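Biologist: Before I plan my reading of this protein, I would like us to go through its model with care. Could we take it one question at a time?

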Amino acid sequence: MTDFKGQTVVVSGASRGIGKAISLAFLEQGATVIGVYAGNHAAAERFLEECGMFKGRLQLQQCDISDATQVSTLFQKIEVEFDTIDVLINNAGVRQDKLLALMDDKSWQKVIDINLTGTFNMCRSAVLLMMKQKYGRIVNITSPVATIGFTGQTNYGASKAGQIGLTRSLCKETARKKITVNCVSPGFIDTELIDDLSPEQVKEYKKIVPMRRFGKVNEIADAVLFLASKKASYITGTVLDVNGGL
Ligand code: NAP
């Protein structure tokens, strides 16, 4: 695996699930990680406890990424303390599934605000810092729902497709400054996000995955770290599927 010693990495949704695995992987490779979470302090404290020897290089910050003011305040603090950042991982995301005909405005807006506008808010602040040092890596965590769709996920699918569109346009704006922007698209991954699936649904969904199993969080982290590394210097505007062949 690649070396991130001396690099500063911001990971949204860092306190649980995929974001926690990504953060741990960066810490193991020597990075300093600023992990963002929404408000589950117990999970954040648990993560701090779990990271043991890496504790000194992990900061957890509460910040609602859908709120532009909170994001810009967070990045002002980061600039004062670290000057710049090398890597941004836009991982925080939520689901509120409902058939479109029954979906209220709140469920639509919340998912778009966090998953898509949150990605925009974080990218805008990060790119301003990365431009100054003429280097950066951004990885946005999207979903196969963006391209294949899923019943009950029009809000989630639209937000995840929006992340891909944002990625493909932003990479063109930042290419000359050596800032790459890519997506990783995980398939079904065992986290709290899909805790609500019944055992029958889990069995059914595993049948449609050619590898016949859900993915593990570290399998996503490995793909993210590659795209965030210096080795991925000529890869930008792409979507890397990590989904067992879906
Ligand atoms: P998860 O276990 O539910 O964790 C979500 C994380 O996002 C938590 O740390 C949460 O913080 C944070 N978060 C939520 N809203 C936020 C906000 N407004 N501002 C800042 N942080 C916020 O989710 P996951 O399964 O790891 O999913 C991570 C990403 O992968 C998401 O973008 C998801 O769409 C994508 N994905 C997941 C799967 C899957 O099967 N799990 C498949 C495809 C794509 P708190 O703990 O404070 O709430």
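The questions and answers below deal with ring pairs, strands, a helix and some single residues.

Biologist: What kind of aromatic pair do phenylalanine 4 and phenylalanine 26 form?
Modeller: Bear in mind that this is a predicted model. Phenylalanine 4 and phenylalanine 26 have ring centres 4.9 Å apart, with 80° between the planes. Since planes over 60 degrees apart count as edge-to-face, the pair of phenylalanine 4 and phenylalanine 26 is described as edge-to-face.

Biologist: How many residues apart are the two partners, phenylalanine 4 and phenylalanine 26?
Modeller: Phenylalanine 4 belongs to the segment before strand 1 (8-12), while phenylalanine 26 belongs to helix 1 (residues 17-28). Phenylalanine 4 counts as buried at 0% relative accessibility, and phenylalanine 26 likewise counts as buried at 0%. The pair links distant parts of the chain, and its partners are 22 residues apart.

Biologist: Is phenylalanine 150 buried, partly exposed or exposed?
Modeller: Phenylalanine 150 forms an edge-to-face pair with phenylalanine 188, at 6.5 Å centre to centre and with 75° between the planes. The pair links distant parts of the chain, with phenylalanine 150 in the loop between helix 5 (145-148) and helix 6 (154-174), and phenylalanine 188 in the loop between strand 6 (179-186) and helix 7 (199-208). Phenylalanine 188 is buried, with a relative accessible area of 16%. Phenylalanine 150 has a relative accessibility of 33%, and because buried means under 20% and exposed means over 50%, phenylalanine 150 counts as partly exposed.

Biologist: Which residues do ring pairs link into a cluster?
Modeller: The structure holds five aromatic pairs, one of which is that of phenylalanine 150 and phenylalanine 188. Ring pairs link these two phenylalanines with a tyrosine and a further phenylalanine, so that the cluster, named in full, consists of Phe150, Phe188, Tyr205 and Phe214.

Biologist: Over which ring does the charged end of lysine 206 sit?
Modeller: There are lysines placed over rings in this model, and one of them is lysine 230, which lies over the face of tyrosine 135 at 5.4 Å from the ring centre. The charged end of lysine 206 is 5.1 Å from the centre of the ring over which it sits, and that ring belongs to phenylalanine 214.

Biologist: Which residue in strand 3 is the bridge partner of isoleucine 34?
Modeller: Strand 2 runs parallel to strand 1, joined to it by five bridges, and isoleucine 34 of strand 2 is there the bridge partner of valine 10. Five bridges also join strand 2 to strand 3 (residues 58-62), and these two strands run parallel as well. In strand 3, the residue that bridges to isoleucine 34 is glutamine 59.

Biologist: Why is strand 2 largely enclosed by the rest of the structure?
Modeller: Strand 2 takes part in a right-handed β-α-β unit with strand 1 and helix 1, and in another right-handed β-α-β unit with helix 2 (residues 41-50) and strand 3. Strand 2 (residues 32-37) is largely enclosed because, of its six residues, the number that are buried is five.

Biologist: Within what arc do the buried residues of helix 2 fall?
Modeller: In helix 2, Ala43, Ala44 and Phe47 are buried. Seen down the helix axis, these residues line one face of helix 2, because they fall within an arc of 100°.

Biologist: Which exposed residues does helix 2 carry on the face turned away from its buried side?
Modeller: The buried residues of helix 2 pack against helix 1, strand 2 and strand 3. On the face turned away from that buried side, helix 2 carries the exposed residues Glu45 and Glu49.

Biologist: What is the relative accessibility of serine 185?
Modeller: Serine 185 lies in strand 6. Leaving aside neighbours within four places in sequence, its contacts include Thr142, Pro144, Leu240 and Asp241. Serine 185 counts as buried, because its relative accessibility is 2%.

Biologist: What is the approximate phi of arginine 212?
Modeller: Arginine 212 is found in the loop between helix 7 and helix 8 (217-227), and it is exposed, with a relative accessible area of 52%. Although arginine 212 is not a glycine, its phi is positive, at about 60°.

Note on methods:
Residues numbered from 1 in each chain as written. Predicted model: local features only at pLDDT ≥ 70, side-chain atom pairs only at ≥ 80, totals over all residues. Heavy atoms only, no water. Phe/Tyr/Trp six-rings, centres within 6.5 Å; stacked < 30°, edge-to-face > 60°. Helix = DSSP H or I, 4+ residues; strand = E, 2+ residues; numbered from the N terminus. Buried < 20%, exposed > 50% of the residue type's maximum accessible area, 1.4 Å probe, protein only. Lys NZ or Arg CZ within 6 Å of the ring centre and 35° of its normal. Pairing = 2+ DSSP bridges. Right-handed = clockwise from strand over helix to strand, strands pointing away. Arc of directions from axis to C-beta. Contact = heavy atoms within 4.5 Å.
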